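Subject: Handing over a structure

Hello,

I am passing on to you the structure that follows, and I would ask you to keep it open while you read my notes. I have tried to explain each term where it comes up.

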Amino acid sequence: MENYSPPLLPDIPTNINGFTPQNFNQQYEGAVPASEAIARSLNIPTVYMLRQYGVPNFHRKLRQAGLQTLTQPPSNYGLSLILGGAEATLWDVSTAYSDMIRTLTGKEPVCCTTLLSESGKSPGHLSPFRAGAVWQTFDILKEVNRPEEIDWRLIPSMQTVAWKTGTSYGFRDAWAVGVTPRYVVGVWVGNATGEGKPGLVGARTAGPVMFDIFNLLPSGGWFEAPYDEYMEAELCSRFGHLKSRFCEESVTGMILPAGLKTSACPYHHPVYLSADENFRLYADCAETEASVETTWFTLPPAWEWYYRQHHPEYRPLPPLKAGCGEELQSPMQFIYPEMNARVILPRQLDGTPGAVTFELVHRNRHASIYWHLDENYLA
């Protein structure tokens with residue numbers, strides 16, 4: 001398959017009805033490719049994906065995958081479900097990964113025997129997974145940084161492993177699950193009392209044990225891509241969306257059929273620039289003076305604010321030339337609250353109403369922002 005970057009997801013401060021997910025590193029990068037969000041366990045982009053997909057749909061998928069501990073309705077878990085906001089047993093999670101392998105390899109389910117039971121129990125559910133989606137997921141997870149922080153691809157003796165870790169709230173326990181075409185290895189680390197301990201992180205505790213086990217197992221190859229599940233499509237080579245007519249570079253890639261229903265790249269736009277490329281022009285000015293027509297990669301203002309801090313190569317749009325039109329797209333964007341949000345202010349102990357802090361970003365770091373509330377000037 002052709003290599004291209006997966007679509008972008010937002011990584012900005014998020015508050016959804018009081019739920020404020022945070023990345024483990026407590027930082028924001030503005031926008032990250034979907035594959036990087038999964039491989040690096042970035043919580044905010046992951047919550048965004050679940051918000052688009054729907055909590056009930058995801059809850060149903062997990063139940064179909066055999067997670068028997070999800071006994072409450074989807075609304076009880078909310079968006080935290082994608083971050084591990086529900087109980088699960090290591091056996092159920094490992095069995096779900098086994099189902100993914102069988103879906104990808106075409107093998108029939110087999111009876112499983114636990115140390116606590118001499119009789120095997122065959123999975124009594126149909127796998128909810130699709131081979132193409134499983135292959136893409138494993139292809140992403142094999143790129144997760146390993147505990148030894150070395151490039152395993154440079155060492156022929158190290159086998160390819162797709163793996164994922166988890167750390168519970170309060171560092172009460174940690175886990176890691178890894179897969180190869182032949183094996184699933186799941187490791188749980190924690191205290192039987194549920195007592196939290198600083199540093200009890202999946203990648204640092206359960207991960208090394210899991211790889212020690214894999215090093216004792218026979219090595220093998222890697223999964224074959226299920227090409228019959230994919231369709232050809234012309235994609236924006238920069239960020240993997242379906243190509244729009246403004247994307248300068250494209251690549252023919254193999255995507256799942258559902259990808260054909262997504263929108264074309266929304267980040268490349270046509271612009272007219274002055275001859276020195278220091279100002280933008282609208283079409284009427286471009287017809288009367290020397291101009292350059294090009295396309296520009298532009299993110300929403302809130303994404304851009306954080307993205308620029310990590311990507312110095314990012315170029316914001318040049319300002320409009322005086323007398324050549326007005327800005328049609330707002331250069332400002334609220335971080336909090338979101339559009340149409342309802343904010344309930346509890347009263348303080350003395351009976352006065354509470355306060356709320358509004359946050360927004362502006363593309364021009366030196367701009368003056370005038371605040372009004374109900375047409376009344378504030379500051």
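Let me begin with His59, which counts as buried because its relative accessibility is 10%, where buried means under 20% relative accessible area, exposed over 50% and partly exposed in between, found with a 1.4 Å probe on protein chains only. His59 belongs to helix H3, residues 55–64; helices (H or I, at least four residues) and strands (E, at least two) are DSSP runs, numbered from the N terminus. If neighbours within four places in sequence are set aside, His59 is in contact (heavy atoms within 4.5 Å) with Leu70, Gln72, Pro73, Pro74, Tyr77 and Leu81.

Please keep in mind that this is a predicted model, in which local features need pLDDT of at least 70 and side-chain atom pairs count only at pLDDT 80 or more, while totals for chains, interfaces and linings use all residues. Residues are numbered from 1 along each chain as its sequence is written, and side-chain values use heavy atoms, with hydrogens and water left out.

The pLDDT, which is the predictor's confidence in each residue from 0 to 100, averages 85 over the protein, and 90% of the residues score at least 70. Over residues 117–123, however, pLDDT stays under 50, and for this stretch the model has 10 contacts beyond four places in sequence.

Asn76, in helix H4 (residues 74–77), counts as partly exposed because its relative accessibility is 48%.

The largest nonpolar core, meaning a set of buried Ala, Val, Leu, Ile, Met, Phe, Trp, Tyr and Cys residues joined through side-chain atoms within 4.5 Å, has 30 residues, and those with the most contacts inside it are Tyr97, Leu104, Phe138 and Met210. Helix H6 gives the largest share of this core, six residues. Not counting residues up to four places away in sequence, Phe138 touches Tyr97, Met100, Ile101, Leu104, Ala162, Val179, Trp222 and Phe223. Another core, of 19 residues, lies apart from it and includes Cys236, Tyr267, Leu299 and Tyr306.

Finally, there is an open sheet of three strands in the order E9-E8-E10, with antiparallel pairing, where two strands pair if DSSP finds at least two bridges between them. Strands E9 (280–281) and E10 (291–297) stand at the edges with a single partner strand each, so one side of each has no neighbour in the sheet. Strand E8 (residues 268–274) is joined to E9 by two bridges, and Leu273 has Arg280 as its bridge partner in E9.

With best wishes
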